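User: I have not looked at this structure before. Please take me through the ligand site and the aromatic rings.

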Amino acid sequence: MRIFIHSLILFCCTLLLSNVQAEPIKIKFSHVVAETTPKGIGANLFKKLVEERLAGKVVVEIYPNSQLYGDEKEMEALLLGDVQILAPSLAKFGKYTDKIQLFDLPFLFDDLAAVDRFQASEKGLELLHAVEKKGYYGLAFWHNGMKQFSANKPLRVPADAKGLKFRIQQSKVLEAQFKALGASPEKLAFAEVYNALATGIVDGAENPWANIYSKKFHEVQKYFSETNHGVLDYMVVTNTAFWKKLPDDVRTELEKILAEVTIEVNKIAFEQEMTDRQKVIDSGKTQVIQLTPEELAQWRTAMLPVWKQFEDAIGKDLIDAALAANKKP
Ligand code: LMR
């Protein structure tokens, strides 16, 4: 009888354990932008491919538009294990490592293709691992696009921005950039930008075309100046402990899928820079100002002191490597 009871207990435990093991791993992927942007499309594609190729093993839940967490809480939530993947803009990593502030330097990269070349370089890939010690594991860089200035008055030369209040992301470099223009930077979460522009809490902002169009910023800003003065890109990031603990086969497949999604996201980003810009123009709700080379040179000169200000913290080697990426191969 005792043997029978023992066997029964053992059988039940095994059954219970196998049920526990059969439970799929849940990945919550939270982000702050619309599903029609490169990041939004990338997150949804990641879910689709994971659920096709790791069916029964992994489920992915996507939370766009700051639905689950906004800018303020998402990095903390990742460390606490409340979400498993995020893709914050590179500007939002500046508080974890000085080096990544490189990406916010104004007029460092000529265009998105230069950013792409830099991110694929040895120095660029080093930055993907720059936050590992803080518990964040960088999985990929994703593009969005180059930023444009906007306001309710035409911004043709730096003097036009003087005295205006601009919304910025959490970034010391971006703060310095607007101060260099004699403007006031105001740090606000992305979810608050539309309202802040609509109600005049801030006068202007800087955004890439995909974010402008998807969040209708062009409906609450009379002018956009085509400055392409900086990049807004992302690091897809997970919790280091979570990632390392995944079964090897699952982690390998997830990394393979992410590599495929990254190619697709970056392709879409290049296309959307053009198409969303055109959609903003076609909306007729705002005016897109094309600057002359002389006007653009004035913006560059006004903001260049920011480089010197951050050179020691970022490292001259990184700045030089980024500049080298401007050369077309
Ligand atoms: C912003 O805050 O402007 C961006 O980082 C939002 C985003 O994720 O593109």
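Analyst: A polar contact is a pair of N or O atoms within 3.5 Å. The model discussed here is predicted.

User: How far is an oxygen atom of the ligand from an N or O atom in the side chain of Tyr 234?

Analyst: Tyr 234 is one of the residues that surround the ligand. The pair joins an N or O atom of the Tyr 234 side chain to a ligand oxygen atom. The cut-off for a polar contact is 3.5 Å, and the distance for Tyr 234 is 2.4 Å.

User: How much of the ligand's accessible area does the protein cover?

Analyst: On its own, the ligand has 270 Å² of accessible area. The ligand sits in the largest cavity. The share covered by the protein is 100%.

User: Which residue has a polar side-chain atom 2.8 Å from an oxygen atom of the ligand?

Analyst: Ser 89 and Lys 92 are among the residues around the ligand. For Ser 89, a polar side-chain atom lies 3.2 Å from a ligand oxygen atom. The residue with the 2.8 Å distance is Lys 92.

User: How many residues of each class are in the shell around the ligand?

Analyst: The surrounding residues include Val 32, Gln 169 and Arg 167. Val counts as nonpolar, Gln as polar and Arg as charged. By class, the shell holds five nonpolar, four polar and three charged residues.

User: Is Trp 243 buried or exposed?

Analyst: Trp 243 forms a tilted aromatic pair with Phe 242, at 6.3 Å centre to centre and 50 degrees between the planes. Buried means under 20% relative accessible area. Because its relative accessible area is 0%, Trp 243 is buried.

Technical notes. Residues are numbered from 1 along each chain as its sequence is written. This is a predicted model: local features need pLDDT of at least 70, side-chain atom pairs count only at pLDDT 80 or more; totals for chains, interfaces and linings use all residues. Side-chain values use heavy atoms; hydrogens and water are left out. A residue is near a molecule or strand if one of its heavy atoms lies within 4 Å of it. A polar contact is a pair of N or O atoms within 3.5 Å; within protein, one must be able to donate a hydrogen and the other to accept it, and residues adjacent in sequence count only if both atoms are side-chain atoms. Accessible areas come from the Shrake-Rupley method with a 1.4 Å probe; for residues, only the protein chains shown count as cover. On a 1 Å grid over the protein atoms alone, a cavity is a set of points where a 1.4 Å probe fits but cannot get out, and a pocket is an open set with protein on both sides within 12 Å along at least five of seven lines; lining residues have an atom within 4 Å of a point. A molecule sits in a cavity or pocket if more than half of its atoms lie within 2 Å of its grid points. Rings of Phe, Tyr and Trp (its six-membered ring) pair if their centres lie within 6.5 Å; planes under 30 degrees apart count as stacked, over 60 as edge-to-face and the rest as tilted. Buried means under 20% relative accessible area, exposed over 50%, partly exposed in between (1.4 Å probe, protein chains only).
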